[in-house]
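Here's a walk through the model, from how far to trust it down to individual contacts. Keep the viewer open and follow along.

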Amino acid sequence: MTEKQFEQSEYVISRWWLSLIVGLMCISLGIIVLAYPVSSYYTFAIWMGLAIFISGLMGLVQSFTSKSIVVRRGWQILASVLDIIIGVILLSNMFLSAMVLPLLLGFWLLYRGSALLAQTSDMRSYDKQGTGWMIFYSIILIILGFAIILAPLTFGAETVVLFIATGFLAYGISMISLAIRLWRVHRFAKAQVGKQ
């Protein structure tokens, strides 16, 4: 690994502890959902609407203040305005929020599982140890994502809540596993640069 490559990846790799924090938070959320399923479900619905609304506001700020060509301002503004509208609708209609929550969480788990699978394949070039567990958790997240999306059509609300809790637990474990791998890659990269 050259020093330039090290510098480019060092920013992400050196922040391995962020993945650890996210993992611990998701495991905590999974336990809370298992302990208090009904109140957790409606609380998530409120937070989801608030998060989408805030995401829209932040997107507008980013699009109006960014001079980067990476941020496509037209699309960013459109997506941000849609986020704000969806956030307001979800915050003003709890029934709709509760109905949409499984779909959003299901698609989120599908996305996170796919992203983790792609990240694992990148990490294999640096650290061969333990990537099998990350692949396993990626597949679990993808399966849970599909199960949550399909569950309202075939199962009751209790099963959906159980899938959501299991999804948070699996995602939390996978993020802790990722943090450990990033920490190892960080050490490996520093050793490689030190040899040159």
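**Where the confidence sits**

Start with the two extremes: among the elements of the protein, helix α1 (residues 3–13) has the lowest mean pLDDT, at 60, while α2 has the highest, at 88. What you're looking at is a predicted model, and the protein as a whole averages a pLDDT of 78, with 81% of the residues scoring at least 70. Where pLDDT is low, the predicted coordinates should not be read in detail. So treat helix α1, with its mean pLDDT of 60, with some caution.

Now the overall layout. The protein has 7 helices and 0 strands, and reading along the sequence gives the pattern α-α-α-α-α-α-α. Of the 196 residues, 37% are buried. Look at the contacts in the protein with a separation of 6 or more: 77% of them come from residues 24 or more positions apart.

Next, the middle. Which residues of the largest nonpolar core touch the most other members? They are Y41, L101, L141, I164, F168 and L178, out of 28 residues in that core. Helices α2 (16–35), α3 (37–65), α5 (94–123), α6 (131–154) and α7 (157–195) each supply at least two of the core's residues. The biggest contributor is α7, which gives 11 residues.

Take L101 as a way in. Leaving aside residues up to four places away in sequence, L101 touches Y41, F44, A45 and M48. Those four partners also turn up among the buried residues of α3, a list that reads S40, Y41, F44, A45, M48, G49, I52, G56, G59, L60 and S63. There's a rhythm to look for in that list. An α-helix has 3.6 residues a turn, so residues three or four places apart point the same way. Pick out Y41, F44, A45, M48, I52, G56, G59 and S63, which are among the buried residues of α3, and check the idea on screen.

As for the helix itself, α3 has 29 residues and reaches 41 Å from its first C-alpha to its last, close to the 42 Å expected at 1.5 Å a residue. Toward its beginning, P37 lies in α3 and is partly exposed, with a relative accessible area of 34%. P37 and V161 are 124 residues apart in sequence, yet their C-alphas are 6.4 Å apart in space.

Helix α4 (residues 73–92) gives a nice contrast between two leucines. L82 is in this helix and, at 44% relative accessibility, counts as partly exposed. The C-alpha of L82 is 9.0 Å from that of F53, 29 residues away in sequence. L90 is found in α4 too, but at 5% relative accessibility it counts as buried. What does L90 touch, not counting residues up to four places away in sequence? The answer is M48, G49, I52, L96 and S97. M48 is a partner of L101 as well, and the C-alphas of L90 and L101 are 9.8 Å apart, with their positions 11 residues apart in sequence.

On to the rings. The structure holds 6 aromatic pairs. One of them joins F136 and Y137 edge-to-face, 5.3 Å centre to centre with 65° between the planes. These two neighbours fall in separate classes: F136 is partly exposed, with a relative accessible area of 41%, whereas Y137 is buried, at 16%. Elsewhere, ring pairs link W108, F168 and Y171 into a cluster. You can also find a charge over a ring: the charged end of R187 sits over the ring of W183, 4.4 Å from its centre.

Stay with Y171 from that cluster. Y171 lies in helix α7 and is buried, with a relative accessible area of 5%. Beyond residues up to four places away in sequence, Y171 touches V22, C26, W108, R112 and L141. For R112, the C-alpha distance to Y171 is 8.1 Å, across 59 residues of sequence.

Last stop: S138, in helix α6. Is S138 buried or exposed? Buried, with a relative accessible area of 0%. Its contacts, again setting aside residues up to four places away in sequence, are G113, L116, L117 and T120.

Technical notes: Residues are numbered from 1 along each chain as its sequence is written. This is a predicted model: local features need pLDDT of at least 70, side-chain atom pairs count only at pLDDT 80 or more; totals for chains, interfaces and linings use all residues. Side-chain values use heavy atoms; hydrogens and water are left out. A nonpolar core is a set of buried Ala, Val, Leu, Ile, Met, Phe, Trp, Tyr and Cys residues joined through side-chain atoms within 4.5 Å. Buried means under 20% relative accessible area, exposed over 50%, partly exposed in between (1.4 Å probe, protein chains only). Contact means heavy atoms within 4.5 Å. Rings of Phe, Tyr and Trp (its six-membered ring) pair if their centres lie within 6.5 Å; planes under 30 degrees apart count as stacked, over 60 as edge-to-face and the rest as tilted. A charge sits over a ring if NZ of Lys or CZ of Arg is within 6 Å of the ring centre and within 35 degrees of the ring normal. pLDDT is the predictor's confidence in each residue, from 0 to 100. The expected span of a helix is 1.5 Å times one less than its number of residues.
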